[in-house]
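Biologist: Could you walk me through this one at an easy pace? I would like to ask about contacts, charges and backbone as we go.

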Amino acid sequence: MWIRSQSKKSLSNVNQLIINNTKDESKYYIFGYSERGSDTLGVYSTQEKALNVLDYIEDSLEYPHNTVFQMPQDDEVEV
């Protein structure tokens, strides 16, 4: 699946997504993995927001006309 990063600096054809947090749990990163390695696709302030973004991505898979998913900014994700 093609995903454009939150920063808009990366467009990756990812085959796996993972949420990873900082030790103090102040930030939650969504990493996308592809044949060439991993990219940071988005950074969120809570685990719930990061999980919601994964839900958005999963929902977008149901619509084949969506060829690129744009990662939302932290303040655009509802809790």
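Modeller: Gladly, and let me begin with a salt bridge: R36 pairs with D39, and their closest N and O atoms are 2.9 Å apart. Please keep in mind that this is a predicted model.

Biologist: Thanks! Is R36 buried or exposed?

Modeller: The cut-off that matters here is that exposed means over 50% relative accessible area. R36 has a relative accessible area of 60%, so R36 counts as exposed.

Biologist: And its partner D39, buried or exposed?

Modeller: For this one we need the other limit, as buried means under 20%. D39 has a relative accessible area of 14%, so D39 is buried.

Biologist: How many salt bridges does a search of the whole structure find?

Modeller: Side chains of opposite charge can pair when their charged atoms come close. R36 with D39 is one such salt bridge, and D74 with K49 is another. The search of the whole structure gives a count of two.

Biologist: How far apart are the closest N and O atoms of D74 and K49?

Modeller: A salt bridge needs a side-chain nitrogen of Lys or Arg within 4 Å of a carboxyl oxygen of Asp or Glu. D74 and K49 form one, and their closest N and O atoms are separated by 3.2 Å.

Biologist: How many residues apart are D74 and K49?

Modeller: This pair links distant parts of the chain. K49 sits in helix α1, while D74 belongs to the segment after β6 (68–70), and the separation is 25 residues.

Biologist: Which of those two counts as buried, D74 or K49?

Modeller: Buried means under 20% relative accessible area. D74, at 22%, counts as partly exposed. At 11%, the buried residue is K49.

Biologist: Let's stay with helix α1. How far is N52 from V79, C-alpha to C-alpha?

Modeller: N52 is found in helix α1 and, at 17% relative accessibility, counts as buried. N52 and V79 are 27 residues apart along the chain, and their C-alpha atoms are separated by 7.8 Å.

Biologist: Which residues gather in a patch of negative charge on the surface?

Modeller: One member, E58, has its place in helix α1 (residues 47–60). The full patch of negative charge consists of D55, E58, D59 and E62.

Biologist: Now the rings, please. How many aromatic pairs are there, if ring centres must lie within 6.5 Å?

Modeller: Ring centres must lie within 6.5 Å to pair. By this rule, the count is one.

Biologist: Are the rings of Y29 and F31 stacked or edge-to-face?

Modeller: A pair of aromatic rings is described by the distance of the centres and the angle of the planes. For Y29 and F31 the centres are 6.0 Å apart and the planes differ by 20 degrees. Planes under 30 degrees apart count as stacked, so the pair of Y29 and F31 is stacked.

Biologist: What is the phi of K8?

Modeller: Most residues other than glycine have a negative phi. K8 lies in the loop between β1 (2–4) and β2 (11–13) and is partly exposed, with a relative accessible area of 47%. K8 is not a glycine, yet its phi is positive, near 70 degrees.

Biologist: And what is the phi of E25?

Modeller: E25 has its place in the loop between β3 (16–21) and β4 (28–34). Although E25 is not a glycine, its phi is positive, at about 60 degrees.

Methods: Residues are numbered from 1 along each chain as its sequence is written. This is a predicted model: local features need pLDDT of at least 70, side-chain atom pairs count only at pLDDT 80 or more; totals for chains, interfaces and linings use all residues. Side-chain values use heavy atoms; hydrogens and water are left out. Rings of Phe, Tyr and Trp (its six-membered ring) pair if their centres lie within 6.5 Å; planes under 30 degrees apart count as stacked, over 60 as edge-to-face and the rest as tilted. Patches are made of residues with over 30% relative accessible area and no salt bridge: like charges are joined within 9 Å, nonpolar side chains (Val, Leu, Ile, Met, Phe, Trp, Tyr) within 5 Å. Accessible areas come from the Shrake-Rupley method with a 1.4 Å probe; for residues, only the protein chains shown count as cover. Lys and Arg count as positive and Asp and Glu as negative; His and the chain ends are not counted. The place of a charge is taken as NZ of Lys, CZ of Arg, CG of Asp or CD of Glu. Helices (H or I, at least four residues) and strands (E, at least two) are DSSP runs, numbered from the N terminus. Buried means under 20% relative accessible area, exposed over 50%, partly exposed in between (1.4 Å probe, protein chains only).
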